[in-house]
Amino acid sequence: TRLILATRNAGKITELRTILADADLPYELVGTDAYPEIPDVKETGVTFAENALLKAHAMARATGLPAIADDSGLAVDVLHGAPGIFSARWSGTHGDDQANLDLLLAQLADIGPEHRAAHFACAAALALPDGTERVVEGTMPGTLRYAPAGTNGFGYDPILQPEGHEVTCAELSPAEKNAISHRGKAFRGLVPVLRELLG
Ligand code: ITT
Ligand code: NA
């Protein structure tokens with residue numbers, strides 16, 4: 001079975017391929033690069049789950065194949081959950097991880113260490129061409145640093161120190177991050193659903 005991986009984010013693709021390979025699934029994972037003619041869907045949802053489903057349904061409909069999608073982001077307590085679903089374009093430029101991270105750090109410069117709680121969230125969606133849909137969500141709680149540290153991962157990884165760790169996500173190895181991450185939890189949770197619906 002071919003399974004479409006409905007994301008253009010290189011950091012996500014790397015992690016998803018590893019997380020799903022660990023589950024030893026019998027599917028051929030096909031990236032959206034194989035379908036350059038299919039336009040990106042507008043992410044008009046107000047939750048991670050809604051946006052993940054929009055992306056998965058669009059690819060499943062357009063390709064006639066099952067599709068999985070990830071919508072994710074960083075939710076900061078003192079900002080009432082922002083950047084949240086706007087994480088990828090917090091600075092105004094979609095996908096400029098450095099600018100997004102720099103802006104967020106500047107916005108939190110005066111926030112004390114006791115008030116820097118945040119979490120990553122991920123919604124993992126599966127859509128079938130017949131409209132069947134499933135979503136599994138995962139989170140990773142932590143606190144925000146005052147300066148970036150580490151070069152692994154992507155996005156806001158250099159500033160989020162996961163609960164129970166003394167280093168940032170960008171200082172964890174990929175395997176260490178996947179073991180505790182929002183994305184690892186969400187997609188490992190989706191694995192039994194994939195086995196049930198795709199065989
Ligand atoms: P697709 O829609 O093509 O999947 P995207 O990058 O637009 O790609 P999102 O809208 O879900 O995806 O945005 C995710 C944002 O959240 C992006 O800015 C990431 O940097 C950030 N993010 C998500 N997961 C992360 C992680 O594990 N580590 C660091 N940042 C993360
Ligand atoms: Na999004």
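**Asp71 and the shell around ligand 1**

UniProt, in an unreviewed entry, lists Asp71 for "binding site"; UniProt positions follow the numbering used here, feature names are shortened, and annotations may be inferred rather than shown by experiment. This is a predicted model, in which local features need pLDDT of at least 70, side-chain atom pairs count only at pLDDT 80 or more, and totals for chains, interfaces and linings use all residues. Residues are numbered from 1 along each chain as its sequence is written, while chains are lettered from A and ligands numbered from 1 in the order in which they are written.

Q: Why is Asp71 called buried?
A: A residue is buried if 20 or more other C-beta atoms, placed from the backbone, lie within 10 Å of its own (exposed: 12 or fewer; partly exposed: in between). Asp71 has 29 within 10 Å, so Asp71 is buried.

Q: What makes a residue a contact of Asp71?
A: The two C-beta atoms, placed from the backbone, must lie within 7 Å. Neighbours within four places in sequence aside, Phe48, Asn51, Ala52, Lys55 and Ala123 are in contact with Asp71.

Q: How many residues surround ligand 1?
A: There are 24, the closest being Thr7, Asn9, Ser87, Ala88 and Gly155; the criterion is a C-beta atom, placed from the backbone, within 6 Å of the molecule.

Q: What makes the chain agree with a compact globule?
A: The rule is 2.2 Å times the number of residues to the power 0.38, with the radius of gyration taken over C-alpha atoms. For 199 residues a compact globule would have a radius near 16 Å; the chain has 17 Å, which agrees. The C-alpha atoms fill a box of roughly 50 × 30 × 25 Å along the principal axes.
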